[in-house]
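Work through the exercises below with the model open. Try each task before reading its solution.

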Amino acid sequence: MESCVVAFSGGVDSALVLKVAHELLKDRVIAVTALSESLPTGELEEAEELARAIGARHIVLRTFETQNPDYLANSANRCYFCKTEMYARIKSYAQGEGIEFVLDGLNLDDLQDRRPGRAAAIEHGVVSPLVEANLNKSEVRELSRQMDLPTWDKPALACLASRIPHGTPITLQSLTQVDRAEAFLKKLGARQVRVRHHGETASIEVEPRDFSLMREREAEIAQQLKSFGFPNVVLDPNGYRATSSSDAT
């Protein structure tokens with residue numbers, strides 16, 4: 001490839017793709033981050049900082065999946081509509097820059113998950129270098145560590161909509177509730193957090209290492225999440241599970 005655009009979330013996988021692409025192509029690679037209401041607070045800033053540290057040009061494109069009724073209906077293939085919106089805009093941007101290739105951060109392990117968004121990537125001709133190189137998640141993390149990327153041990157990312165059970169319509173209010181709740185829990189010190197939105201109930205998933213923190217701050221957490229619109233708050237005894245809803249997008 002003489003040049004490329006990298007769909008860059010700032011997560012473990014896309015960070016490695018951007019790092020290698022920039023080492024090879026220098027100023028002929030552009031990192032593009034999609035910005036919408038489904039992006040958790042702080043992720044854009046982290047992506048911008050990481051792209052700057054790598055030395056890559058970074059662009060933010062606004063996407064509007066939350067205006068699509070098919071996306072808001074939150075069916076099992078919700079991610080297809082989100083990724084269709086995102087890749088269409090990234091592809092259009094790339095073409096405007098005279099760039100043929102758009103790259104994503106899909107890795108070998110991801111092929112084992114149900115990922116409706118993958119169909120959108122294929123339809124738009126998106127290339128997955130990590131898959132072509134037969135790299136799984138643990139190998140991506142190890143290579144990232146060797147390359148001194150700060151993302152090598154970064155917790156898994158997923159859009160805010162993944163916290164809402166399929167079949168429950170997505171609203172901007174519910175996305176905001178989840179975002180505020182998770183941001184608060186991370187501020188308390190929880191590393192990996194999911195707040196599952198079940199109407200008036202927030203089900204908190206954290207790693208077992210953070211169970212004691214949740215119990216120690218139980219009253220404070222309940223009060224704060226109530227102010228966000230969750231009168232009922234429960235701690236999932238099974239802890240964080242990437243596939244417990246639809247984190248695989």
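**Exercise 1.** In which crossing, left-handed or right-handed, does α4 pass α5?

Solution. The model is predicted.
- Step 1. Locate α4 at residues 78-96 and α5 at residues 116-123.
- Step 2. Take the crossing: α4 passes α5 in a right-handed one.
- Step 3. List the contact. α4 supplies Cys79, Tyr80, Lys83, Thr84 and Tyr87, while α5 supplies Pro116, Gly117, Ala119, Ala120, Ala121 and Glu123.
- Step 4. Sort these residues: 7 are nonpolar, 2 polar and 2 charged.

**Exercise 2.** Classify the mutual orientation of α4 and α5.

Solution.
- Step 1. Read the packing angle, about 30°, with the axes 7 Å apart.
- Step 2. Apply the cut-off: angles under 35 degrees count as roughly parallel.
- Step 3. Conclude: α4 and α5 are therefore roughly parallel to each other.

**Exercise 3.** Repeat the analysis for α1 and α2.

Solution.
- Step 1. Helix α1 (residues 12-25) packs on helix α2 (residues 43-54) at about 25°, and their axes are 10 Å apart.
- Step 2. So α1 is roughly parallel to α2.
- Step 3. The crossing of α1 past α2 is right-handed.
- Step 4. Ala15, Leu18, Lys19 and His22 of α1 meet Leu50, Ala51 and Ile54 of α2.
- Step 5. The contact residues split into 5 nonpolar, 1 polar and 1 charged.

**Exercise 4.** Is glutamate 205 buried or exposed?

Solution.
- Step 1. Find glutamate 205 in strand β6, residues 201-206.
- Step 2. Its relative accessible area is 2%, so glutamate 205 is buried.
- Step 3. Check its side chain: a polar contact of 3.2 Å joins glutamate 205 to the side chain of arginine 196.

Notes
Residues numbered from 1 in each chain as written. Predicted model: local features only at pLDDT ≥ 70, side-chain atom pairs only at ≥ 80, totals over all residues. Heavy atoms only, no water. Axes fitted to C-alpha atoms, helices over the stretch in contact; angles between N-to-C directions. Helix = DSSP H or I, 4+ residues; strand = E, 2+ residues; numbered from the N terminus. Parallel < 35°, antiparallel > 145°, perpendicular 65-115°, else oblique. Left-handed = near helix turned anticlockwise from the far one by under 90°. Contact = heavy atoms within 4.5 Å. Nonpolar A, V, L, I, M, F, W, Y, C, P; charged D, E, K, R; others polar. Buried < 20%, exposed > 50% of the residue type's maximum accessible area, 1.4 Å probe, protein only. Polar contact = N/O pair within 3.5 Å; in protein donor to acceptor, adjacent residues only side chain to side chain.
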